[in-house]
Amino acid sequence: MPLQIGWNYFPIKEVTIKNESYNSDIMGVRIVQLSDLHLTKKVNLAYLKLLVEKINNIKPDFIVFTGDILQTKAIYLKEHIKIFKNFEAKAYFVTGNHDLVYGIKELKGIMEESNIICLDNEIVKLKIKDFELQLVGLSDRYSFLRGIKRPIKELFSKLDTDLATILLAHQPKDIEHVGSYRIDIQLSGHTHGGQVYPFSKIVKFFQPYFSGLYTHNKTVLYVSNGLGYWGLNIRYKAKSEITVLTIN
């Protein structure tokens, strides 16, 4: 597992996002996306400390977690998660389907104690340099299984259409909800890029937005392969990644 292999293992993937609809002021904004960490107690604390140091050295404008932070109960991971408090940039997260299983309430509490802000069904405006943009987040598609509603239309109707907007949604399929709303970028994970070939062919059948950059109407979608694992601690032809996105 990349979170366990070695302290110097940081699979950075640089991605440039282009879209003619952006306000020119936001050109050059840099975002670090962490997705699908699937943290367990076995993850080395020293590795996470170096991971935070590496991301701080990148000097992103902000950091986002796009779901599936947990692979065990959050209460067992307090020491791990509190390391994120050392991020120098503001950080935000949305939950994924595994987080639903292992305890969203506890996760939110520990993350927020570590200055990582939950954006499940929320909007936040960020001032970067001399301009504003807005982040909007969705809770996972399976939230209804825990009695959590996703008021998507009500939420999106509150967006400021004059501002560039980035949507955080764990599952790429949530792109179907964008419709006519102004969502310039959607950042997602969930698929692991299939994780293991040829199993990835099956994943691709069910996940048309599978890995990397896509354009859906006027929205640019980026799907991260994520950093951790589900099931076996192995990847084949689906590299782990810490994504560094630059708007250009």
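Let's start with one pair of residues: Leu168 stands opposite Leu187 in strand S9. Keep in mind that this model is predicted.

The strands around this pair come next. Strand S8 (residues 164-168) runs parallel to strand S9 (residues 185-188), and the two pair over 3 bridges. Both belong to an open sheet of 6 strands with mixed pairing, in the order S6-S7-S8-S9-S11-S10. Which strands stand at the edges? They are S6 (122-128) and S10 (212-216); each has a single partner strand, so one side of each has no neighbour in the sheet. On average, neighbouring strands here are turned by 20° against each other, direction ignored.

Now for the nonpolar residues. In soluble globular proteins, nonpolar side chains tend to be buried together. The largest nonpolar core of this model holds 33 residues, and those touching the most other members are Leu34, Leu39, Ile63, Phe65, Phe84, Phe87 and Met111. Several elements give two or more residues to this core, including those in the table.

| Element | Residues |
|---|---|
| Strand S2 | 30-34 |
| Helix H2 | 45-58 |
| Strand S3 | 62-66 |
| Strand S4 | 90-94 |
| Helix H5 | 104-113 |

Helix H2 gives the most to the core, with 6 residues. What does Met111 touch, leaving out residues up to four places away in sequence? Its contacts are Phe65, Ile69, Ile81, Phe84, Phe93 and Ile116.

There is also a second, separate core of 24 residues, and Ile31, Val94, Leu135 and Leu187 are among them. That brings us back to Leu187, the residue opposite Leu168.

Conventions: Residues numbered from 1 in each chain as written. Predicted model: local features only at pLDDT ≥ 70, side-chain atom pairs only at ≥ 80, totals over all residues. Heavy atoms only, no water. Pairing = 2+ DSSP bridges. Helix = DSSP H or I, 4+ residues; strand = E, 2+ residues; numbered from the N terminus. Axes fitted to C-alpha atoms, helices over the stretch in contact; angles between N-to-C directions. Core = buried A, V, L, I, M, F, W, Y, C linked by side-chain atoms within 4.5 Å. Buried < 20%, exposed > 50% of the residue type's maximum accessible area, 1.4 Å probe, protein only. Contact = heavy atoms within 4.5 Å.
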